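Okay, thanks for coming, everyone. Let me put the sequence and the structure up, and then we'll walk through one helix together.

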Amino acid sequence: MKSVKNFACVCALGFAGLAMLGGSSIGVAQSAASSVSTGPNDAQIQADVTKSLDSKRFKDVKSSVQNGVVTLTGTVELYSAKMDADDRAHHRKNVKGVENLIEVAGPEVDDVTLRNKLAEKLAYDRVGYNTTAFNALTIGVDKGVVTLGGIAYGPTDKDSALSLVENYPGVKDVIDNVEVAPVSPMDDRIRLAEARAIYGFPQLNKYAIDPAKPIRITVVNGNVTLSGVVDSQSDKDVANIRANGVPGVFKVVNNLEVVGGEAEKSDK
């Protein structure tokens, strides 16, 4: 009978030990879960982010913070507002990262219409700054996602083009593939000489009337590329001859398109 009591006592102690260990494990798990869900600065970050987004354009945006990482959700009318919200959250103190899940809920515009509208706007961007003829940008649109490519004369020209696209209604996202032409005094000399040679020629000076400058001239390390649209094959050929006649040019690639027809690319 005594051995049975001793066995019962051992069992009781064993179960009690397991219960204590189990309780300890649960406590550790709960503590770990608590540390994962809340960081020491989360409350302050949340307050700072909420304050930074206190604007009408962010009225449908919500934020949450976990261990210094801010998650943005909700909707905005323009893609630029989505990027602005991201930028504001990133610049709050102690923020480790931002997950931007904001959706652009502006008007739905079909891809062809959106591309044509953006192309028209970009054609006249930077008019008056004497760099319009030296920006050759390309536009692709797929389900509201705009891919901007090509070569910009300088960083300001690139930023201006991106800003125009990001603030246009119907744009859901922007992929930036625009390259900036390297700084080069030699290339600058060639650009000006090319513009005079092409737009100053009697047969082609009709294109200088349009402030959008339909013939775009890109120069990178002495290599010239002509792009845009002209009225005839003759105009395209003359532009090619004039471009090749500028001193210091290594190569001319003629990508000019002829209205109403397909013209072959001409290389020097």
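So, the protein has 7 helices and 13 strands, where helices (H or I, at least four residues) and strands (E, at least two) are DSSP runs numbered from the N terminus. Keep in mind that this is a predicted model: local features need pLDDT of at least 70, side-chain atom pairs count only at pLDDT 80 or more, and totals for chains, interfaces and linings use all residues. Residues are numbered from 1 along each chain as its sequence is written, and side-chain values use heavy atoms, with hydrogens and water left out.

Buried residues make up 35% of the 268 in the protein; buried means under 20% relative accessible area, exposed over 50%, and partly exposed in between, with a 1.4 Å probe and protein chains only.

Now to helix α6, residues 185–199. Its 15 residues should span 21 Å at 1.5 Å a residue, and the end C-alpha atoms are indeed 21 Å apart; that expected span is 1.5 Å times one less than the number of residues.

Which residues of α6 are buried? They are Asp187, Ile190, Arg191, Glu194, Ala195, Ala197, Ile198 and Tyr199. Down the helix axis they fall within an arc of 170 degrees, so they line one face; the arc is taken from the directions from the axis to the C-beta atoms. They pack against β9 (215–220), β10 (223–230) and α7 (233–244), contact being heavy atoms within 4.5 Å.

On the other side of α6, Pro185 and Arg196 are exposed. Arg196 has a relative accessible area of 60%, and its C-alpha is separated by 9.7 Å from that of Val246, 50 residues apart along the chain.
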